[in-house]
Amino acid sequence: MEPSYTSPPTPPTEAYLGANILVVEDESAIQELIALNLQQAGHEPKLASDGAEALESVRESLPDLVLVDWMLPTMSGIDLVKRLRANERTRTVPIIMLTARADESDKLLGLESGADDYITKPFSIKELNARIKAVLRRRAPQMTEDRVVFKALSLDPGTHRASANGQEIDLGPTEFKLLHFFMTHPERVYSRTQILDQVWGDHVFIEERTVDVHIRRLRSALEPSNTDHLLQTVRGSGYRLTAIA
Ligand code: CA
């Protein structure tokens, strides 16, 4: 059977935000086809041909999702996934493995090594897009355009609107992303570094106190609706959105 990489991309049926996706694949033809299709689906692909290049790319900027081919030269896809999972900064990055092997035991090995999902080659671009969306929804719900509700707060990424008790909240773009992140990850404490990685996408060039500045702005925006207390400072740890305030 011929691989179906060339099947035309289907437009996404539901809107979702474009993700930075690292494609780790040594076969350049497949790499380029995946990249082209990801672009057409609204994502921003970055390319790596082996594990070392992938680790270098991740050090430069943290992707929203990693597609890893199983069969890579030097470092196998499995070993790369293990390395990403062993590192504090990349521990939670969503990972999908691509492989030519259809064997069930290999599939188990792939998932046990820490991949979130597994796609057997040849796959259709439609299937790839559906898996990406499902993994992002599960692992990085702030990357989707699903409407989120938390207590009196409601946020709609599609229309870029947020409200509290039915009253619209006026938010800058960063405060909007911050609130979106917290609303999709309630009741968990996030450090400033984690917040930078998750909301700004890359912690390298931004100072941690930038987070405090935007948290302050977000709280002032929430103050008129008396919902600012939901966003707690956890001394020595970071910030948390909580219903138990
Ligand atoms: Ca390969």
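Strand 1 (20-24) is largely enclosed by the rest of the structure, because 4 of its 5 residues are buried. Buried means under 20% relative accessible area, with exposed set at over 50% and partly exposed in between (1.4 Å probe, protein chains only). The model is predicted: local features need pLDDT of at least 70, side-chain atom pairs count only at pLDDT 80 or more, and totals for chains, interfaces and linings use all residues. Residues are numbered from 1 along each chain as its sequence is written, and side-chain values use heavy atoms, with hydrogens and water left out.

**Parallel sheet**

Strand 1 belongs to an open sheet of 5 strands in the order 2-1-3-4-5, with parallel pairing. Two strands pair if DSSP finds at least two bridges between them; helices (H or I, at least four residues) and strands (E, at least two) are DSSP runs numbered from the N terminus. At the edges are strand 2 (44-48) and strand 5 (117-120), each of which pairs on one side only. On average, neighbouring strands of this sheet are turned by 20° against each other, direction ignored. Strand 1 and strand 2 run parallel and are joined by 5 bridges. I21 has P45 of strand 2 as its bridge partner, and V23 has L47 of strand 2.

Two helices pack on this sheet. Helix 1 touches strand 1, strand 2, strand 3 and strand 4 (95-99), and its direction makes about 165° with that of strand 2. Helix 3 (residues 77-86) touches strand 1, strand 3 and strand 4, and its direction makes about 170° with that of strand 4. Contact means heavy atoms within 4.5 Å. Axes are lines fitted to C-alpha atoms, for helices over the stretch in contact, and angles run from 0 to 180 degrees between N-to-C directions.

**Calcium site**

The calcium ion has E25 (OE), D26 (OD), E27 (OE), D69 (OD) and M71 (O) as its protein donors, at 2.0 to 3.2 Å. Along the sequence these donor residues follow the spacing E-D-E-x41-D-x1-M. E25 lies in the loop between strand 1 and helix 1 (28-40), and D69 in strand 3 (residues 65-69), so the pair ties together parts that are 44 residues apart in sequence. Both E25 and D69 are buried. Donors are N, O and S atoms within 2.8 Å of the metal (3.2 Å for Na, K and Ca); water is not among the atoms, so sites may look incomplete.

**Antiparallel sheet**

A further open sheet has 4 strands in the order 6-7-8-9, and its pairing is antiparallel. Strand 6 (148-150) and strand 9 (167-169) are the edge strands, each pairing on one side only. Neighbouring strands here are turned by 25° against each other on average, direction ignored. Strand 6 is joined to strand 7 (residues 153-156) by 3 bridges, and the two run antiparallel. F150 stands opposite L153 in strand 7. Helix 6 lies across strand 6, strand 7 and strand 8 (161-164), and runs at about 115° to strand 7.

**Packing of helix 6**

Helix 6 (residues 173-184) also packs against helix 7 (residues 192-200) and helix 8 (residues 209-222).

| Helix pair | Angle | Axis distance |
|---|---|---|
| Helix 6 and helix 8 | about 85° | 9 Å |
| Helix 6 and helix 7 | about 110° | 10 Å |

Angles under 35 degrees count as roughly parallel, over 145 as roughly antiparallel, 65 to 115 as roughly perpendicular and the rest as oblique. Helix 6 and helix 8 are therefore roughly perpendicular to each other. Their contact is made by T174, E175, L178, L179 and F182 of helix 6 with H214, I215, R217 and L218 of helix 8. By class, that contact has 5 nonpolar, 2 polar and 2 charged residues. Ala, Val, Leu, Ile, Met, Phe, Trp, Tyr, Cys and Pro count as nonpolar, Asp, Glu, Lys and Arg as charged, and the others, Gly among them, as polar.

Helix 6 and helix 7 are therefore roughly perpendicular to each other. Here T174, K177, L178, F181 and F182 of helix 6 meet I195, Q198, V199 and W200 of helix 7. The residues of this contact divide into 6 nonpolar, 2 polar and 1 charged. In helix 7 the buried residues are I195, L196, D197 and V199, and their cover includes helix 6, helix 8 and strand 11 (238-241). G201, just after helix 7, takes a positive phi of about 90°.

**Whole chain**

The chain has 8 helices and 11 strands, and 47% of its 245 residues count as buried. Among contacts between residues at least 6 apart in sequence, 60% join residues at least 24 apart.
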